[in-house]
Amino acid sequence: MKTAYGRVRRAIAAVATGRAAIVVDDSEDQGYLVFAADAATAQLLTFTVRHTSGYVRIALPGADCERLDLPPVCHRDGESVGIAAQRVTVDFRETGTGISAIDRARTIAALADADTTATDFRRPGHVIPVQAGQHGVLGRSAGAAEAAVDLARLGMRRPAGVLCEIVSQRNPTGMADRPELVSFAGRHGLPLVSVAELATYRRRTEPQVVRSAETTLPTDSGAFTVVGYRDPREGSEHLAVIAGNAGADAPMPLHIHLECLGGDVFGSLACACGAELAHAVAAMRARGTGMIIYLRPPTARACGLLSGATTSDLLSETVAWILRDLGVYTVRLSDDAPELGLLMFGAIREHGLHVESAATVWPVAG
Ligand SMILES: [Zn+2]
């Protein structure tokens with residue numbers, strides 16, 4: 001993971017200083033030359049056109065597509081996200097024919113300029129704007145366009161990125177595969193990063209939950225502190241139910257529970273969820289300290305009935321950010337749901353949180 005971090009940081013640094021990086025979209029097995037649009041120069045465009053398909057796109061946030069009056073080229077329903085995201089082509093009005101490297105560089109820089117308006121561009125033209133998804137690489141169907149905007153933004157430049165597919169040198173009728181991309185990167189001194197690595201980096205470095213409520217919950221097991229969290233992208237809501245002082249130095253006993261309507265609400269015996277939750281609540285009451293993080297995936301989950309749709313990767317990031325927000329840096333995972341704890345163990349530790357093993361925690365009094 002450390003090397004992946006290094007790759008992401010090198011890519012951000014390159015884009016920040018107006019140089020190019022290579023972004024690999026693993027879902028397409030394709031590599032893109034990417035750089036910040038506000039750094040576009042004739043030299044960068046010449047390099048791009050020489051080594052890529054030449055189908056140069058600029059990824060822009062939706063607000064800029066609106067401001068510059070760049071409507072979708074295709075309005076039909078049911079088209080793939082990529083086709084729907086493509087906007088009408090343009091040339092900057094102060095360019096010549098618009099196709100040369102110097103003209104395309106000027107058009108791209110003008111598209112990235114916050115002060116240009118719709119009338120500064122001729123339509124159709126030779127630069128293809130595409131709308132990047134609102135949440136960048138953390139959104140659904142994220143690809144190289146979202147990575148290009150994210151790299152520019154993380155590099156403290158205008159959130160607009162140029163992207164173009166890298167062509168194979170060995171077989172110029174096709175696209176460069178992964179080994180060729182690696183050697184291309186080495187030959188030209190370009191950092192190489194994947195969309196997935198960038199997404200992992202953002203999940204680790206940007207808070208993934210927002211604290212939305214805090215209250216005391218009176219229950220027949222006693223009063224617990226409850227803190228509510230919202231995932232700003234998915235809209236799903238999670239709870240931290242706490243007994244004792246969450247910020248204390250001692251390791252906080254932690255039970256991670258994934259919502260199960262059947263087990264939690266109706267006491268289903270078809271799965272262990274209900275019994276595990278009841279045991280965790282009883283143990284927390286007996287000890288007078290502890291925490292249950294109650295995760296609610298964006299779609300309802302009930303064992304054997306409704307699957308829920310979030311992967312344990314994403315949920316473990318959610319857990320880690322909730323713990324960080326609460327100032328809990330040392331936890332002891334309960335062994336009530338060992339598989340869930342083990343799945344999340346690695347991600348939680350990568351946040352610098354200390355996780356103790358669980359064999360003897362949660363003794364229920366009596
Ligand atoms: Zn269940």
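In this predicted model, a good place to start is a pair of helices: the axes of helix 8 (residues 195-205) and helix 11 (residues 312-326) come within 9 Å and cross at roughly 25°. Angles under 35 degrees count as roughly parallel, and helix 8 and helix 11 therefore run roughly parallel to each other. On the helix 8 side, the contact is made by Arg203, Arg204 and Thr205, while helix 11 brings in Leu314, Glu317, Trp321 and Arg324. Sorted by class, this contact of helix 8 with helix 11 has four charged residues, two nonpolar ones and one polar one.

Next comes the metal site. The zinc ion is held by four cysteines, with the SG atoms of Cys260, Cys271, Cys273 and Cys303 coordinating at 2.2 to 2.3 Å. The angles among the four donor atoms come out at 107 to 112°, and the site of the zinc ion is tetrahedral. Reading along the chain, the donors of the zinc ion follow the spacing C-x10-C-x1-C-x29-C. As for how hidden these residues are, Cys271 and Cys273 are both buried.

Two single residues are also worth a look. Gln30 sits in strand 2, which covers residues 30-36. With a relative accessible area of 17%, Gln30 is buried, because buried means under 20% relative accessible area. Setting aside neighbours within four places in sequence, Gln30 is in contact with Val23, Val24 and Asp25, and also with Glu165, Met175 and Leu181.

Gly54, in turn, is found in the loop between helix 2 (42-51) and strand 3 (57-60). Once neighbours within four places in sequence are left out, Gly54 is in contact with Arg104 and Cys164. Cys164 is 110 residues away from Gly54 along the chain, yet the C-alpha atoms of Gly54 and Cys164 are separated by 6.8 Å.

Zooming out to the whole chain, the secondary structure adds up to 12 helices and 16 strands. The C-alpha trace spans about 85 × 40 × 35 Å along its principal axes. Of the 366 residues in the chain, 51% are buried. Contacts that reach across the sequence show up here as well: among those between residues at least 6 apart in sequence, 69% join residues at least 24 apart. The pair Gly54 and Cys164, 110 residues apart along the chain, gives a concrete picture of such a link.

Methods:
Residues numbered from 1 in each chain as written. Predicted model: local features only at pLDDT ≥ 70, side-chain atom pairs only at ≥ 80, totals over all residues. Heavy atoms only, no water. Axes fitted to C-alpha atoms, helices over the stretch in contact; angles between N-to-C directions. Helix = DSSP H or I, 4+ residues; strand = E, 2+ residues; numbered from the N terminus. Parallel < 35°, antiparallel > 145°, perpendicular 65-115°, else oblique. Contact = heavy atoms within 4.5 Å. Nonpolar A, V, L, I, M, F, W, Y, C, P; charged D, E, K, R; others polar. Donors = N, O, S within 2.8 Å, 3.2 Å for Na, K, Ca; no water. Tetrahedral: all angles 85-135°; square planar, octahedral: opposite > 155°, others 65-115°. Buried < 20%, exposed > 50% of the residue type's maximum accessible area, 1.4 Å probe, protein only.
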